[in-house]
Amino acid sequence: MQVKRIHEYKRQLLNVLHVIHLYDRISRGDTEGLQPRSVLIGGKAAPGYYLAKLIIKLINNVATVVNSDPTVAPLLQVVFLPNYCVSAMEIITPGADL
């Protein structure tokens, strides 16, 4: 789970690349030792931050592909939480398995 303001240096992109890696691994049938995982990424970008908006688009597109693949569904789910705020995180964070 990662919820922060979207920046190119705050690892959201690295987390998405990890999700892509997991998706590829599961699609190839390499599931030995893999535990079911839900990936929560949230945040928002500054209005003029073009690269951050592209990262959000990438996260949403990856989530669409992963969540619509029935072969991957038992092991991997991706959720993007838009417009994060402290009050939402007070509810979501305690539910995350750290």
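**Entry 1, charged pairs.** I began with Asp30 in this predicted model, and found that it forms a salt bridge with Arg25, the closest N and O atoms lying 3.4 Å apart. I then looked up the accessibility of Asp30, which is partly exposed at a relative accessible area of 34%. The structure holds 2 salt bridges, so I turned to the pair of Arg28 and Asp24, whose side chains meet at 3.1 Å, N to O, which also falls within the 4 Å that a salt bridge requires. Of these two residues, Arg28 counts as exposed, with 54% relative accessibility, whereas Asp24 is partly exposed at 39%. I note as background that side chains of opposite charge can pair when their charged atoms come close.

**Entry 2, layout of the chain.** I next followed the elements from the N terminus and read the order β-α-β-α-β-α, which gives 3 helices and 3 strands in the chain. The chain has 98 residues, and buried residues make up 33% of them. I also looked up the contacts between residues at least 6 apart in sequence, and 74% of these join residues at least 24 apart.

**Entry 3, helices α1 and α2.** Which residues do I find where α1 and α2 make their contact? I first took the geometry: helix α1, residues 12-27, packs with helix α2, residues 50-67, at an angle of about 20°, and their axes are 10 Å apart. Because angles under 35 degrees count as roughly parallel, I describe α1 and α2 as roughly parallel to each other, and I record their crossing as left-handed. On the α1 side, the contact is made by Gln12, Leu13, Val16, Val19, Ile20 and Tyr23, and on the α2 side by Ile55, Leu58, Ile59, Val62, Val65 and Val66. Sorted by class, the contact of α1 with α2 has 11 nonpolar residues, 1 polar residue and no charged ones.

**Entry 4, Val78.** I closed with Val78, which lies in strand β3, residues 76-82. Is Val78 buried or exposed? Its relative accessible area is 4%, and since buried means under 20%, I enter Val78 as buried. Leaving aside neighbours within four places in sequence, I find Val78 in contact with Val19, Val39, Ala63, Val66 and Asn67; among these, Val19 of α1 and Val66 of α2 also take part in the contact between the two helices. I looked up Thr64 as well, which is 14 residues from Val78 in sequence and 8.2 Å from it in space, C-alpha to C-alpha.

How values were computed. Residues are numbered from 1 along each chain as its sequence is written. This is a predicted model: local features need pLDDT of at least 70, side-chain atom pairs count only at pLDDT 80 or more; totals for chains, interfaces and linings use all residues. Side-chain values use heavy atoms; hydrogens and water are left out. Buried means under 20% relative accessible area, exposed over 50%, partly exposed in between (1.4 Å probe, protein chains only). Axes are lines fitted to C-alpha atoms, for helices over the stretch in contact, and angles run from 0 to 180 degrees between N-to-C directions. Angles under 35 degrees count as roughly parallel, over 145 as roughly antiparallel, 65 to 115 as roughly perpendicular and the rest as oblique. A crossing is left-handed if the near helix is turned anticlockwise from the far one by less than a right angle, and right-handed if clockwise. Contact means heavy atoms within 4.5 Å. Ala, Val, Leu, Ile, Met, Phe, Trp, Tyr, Cys and Pro count as nonpolar, Asp, Glu, Lys and Arg as charged, and the others, Gly among them, as polar.
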